[in-house]
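Welcome, and thanks for taking a look at this protein with us. Please have the fold on your screen as you read along.

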Amino acid sequence: MRFLIELRFLGNHFHFLIRVRSEKELRQLVPKTNEKPLYWHVSNGFSSLFQSYTRAMNKMYSRTGPLFESPFKRKKVIDDAYFSRLVIYIHQNPQKHGLVKDFRDYPHSSFHSFLTEKSSTRLKRKEVLDWFGGKEGFEKAHRLEASNLSEEWLLEDH
């Protein structure tokens with residue numbers, strides 16, 4: 001999969017669905033003498049991002065301590081059906097957690113960004129819409145019930 005999708009803020013957690021460089025691309029960036037697994041480098045990058053954000057927020061609000069309760073979870077998306085269900089799950093998540101009655105009303109979602117061409121975005125809009133067979137397929141897939149999905153199914157500790 002080669003999609004950069006979105007970041008979803010949900011009060012006490014958020015979801016990313018991003019494309020990580022291929023192993024070949026990562027190998028070109030990682031020194032040959034470094035024997036750490038490639039996923040470590042990706043995790044380290046996110047760790048740096050979260051630490052920097054925490055330092056900035058602590059400085060801005062004259063506070064100390066962590067902002068995040070635990071390390072982030074991640075799961076490699078290698079199955080086409082899982083990818084489709086994950087896109088839908090992320091968009092429906094605000095409704096699942098009771099933040100809105102209808103996930104389409106959540107203001108911090110990329111759902112509408114996929115359906116409009118008015119704004120510029122780094123989302124892979126065309127690729128994702130094509131994945132679902134166009135805008136109509138994208139919207140139809142999102143109407144499907146996803147209540148049987150759980151966090152445990154979507155994420156696992158590594």
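The report below goes from the overall fold to one helix pair, then to the nonpolar core and a few single residues.

**Overall fold**

Please keep in mind that this is a predicted model. The protein contains 7 helices and 2 strands. Read from the N terminus, the order of elements is β-β-α-α-α-α-α-α-α. Of its 158 residues, 30% count as buried. Sequence separation is worth a glance too: among contacts between residues at least 6 apart in sequence, 55% join residues at least 24 apart.

**Where H3 meets H6**

A good place to zoom in is the pair formed by helix H3 (residues 80–96) and helix H6 (residues 135–143), whose axes come within 9 Å and cross at roughly 65°. Angles from 65 to 115 degrees count as roughly perpendicular, so H3 is roughly perpendicular to H6. The crossing of these two helices is right-handed.

Which residues of H3 and H6 make the contact? On the H3 side they are Val-87, Ile-88, His-91 and Gln-92, and on the H6 side Phe-138, Ala-141 and His-142. Sorted by class, this contact has 4 nonpolar residues, 3 polar ones and no charged residues.

**The nonpolar core**

In soluble globular proteins, nonpolar side chains tend to be buried together. Here, the largest nonpolar core has 17 residues, and the members that touch the most others are Leu-17, Val-87, Phe-114, Phe-132 and Phe-138. At least two residues of this core come from each of H3, helix H4 (111–115), helix H5 (125–131) and H6. H3 gives the largest share, with 6 residues.

Two of those names are already familiar: Val-87 and Phe-138 also take part in the contact of H3 with H6. Phe-132 offers a nice view of this region. Apart from its neighbours within four places in sequence, Phe-132 is in contact with Ser-84, Val-87, Ile-88, Gly-137, Phe-138 and Ala-141.

**Residues to click on**

A few single residues round off the picture, and their accessibility values are set side by side here.

| Residue | Relative accessibility | Class |
|---|---|---|
| Leu-144 | 53% | exposed |
| Ser-62 | 71% | exposed |
| Arg-63 | 33% | partly exposed |
| Trp-131 | 30% | partly exposed |

Let us begin with the loop between helix H2 (38–60) and H3, where Ser-62 lies. Most residues other than glycine have a negative phi. Ser-62 has a phi near 45°, a positive value in a residue other than glycine. Because its relative accessible area is 71%, Ser-62 is exposed. Arg-63 lies in the loop between H2 and H3 as well. Not counting residues up to four places away in sequence, Arg-63 touches Met-57 and Asn-58.

Further along the chain, Trp-131 is found in helix H5. The C-alpha atoms of Trp-131 and Asp-80 are separated by 9.5 Å, although these residues are 51 apart along the chain.

Leu-144 sits in the loop between H6 and helix H7 (151–154). Is Leu-144 buried or exposed? With a relative accessibility of 53%, Leu-144 counts as exposed, because the cut-off for that class is over 50%. Leu-144 and Gln-92 are 52 residues apart along the chain, and 10.0 Å separates their C-alpha atoms. Gln-92 is one of the H3 residues in the contact with H6, which brings us back to the helix pair discussed above.

Terms used: Residues numbered from 1 in each chain as written. Predicted model: local features only at pLDDT ≥ 70, side-chain atom pairs only at ≥ 80, totals over all residues. Heavy atoms only, no water. Axes fitted to C-alpha atoms, helices over the stretch in contact; angles between N-to-C directions. Helix = DSSP H or I, 4+ residues; strand = E, 2+ residues; numbered from the N terminus. Parallel < 35°, antiparallel > 145°, perpendicular 65-115°, else oblique. Left-handed = near helix turned anticlockwise from the far one by under 90°. Contact = heavy atoms within 4.5 Å. Nonpolar A, V, L, I, M, F, W, Y, C, P; charged D, E, K, R; others polar. Core = buried A, V, L, I, M, F, W, Y, C linked by side-chain atoms within 4.5 Å. Buried < 20%, exposed > 50% of the residue type's maximum accessible area, 1.4 Å probe, protein only.
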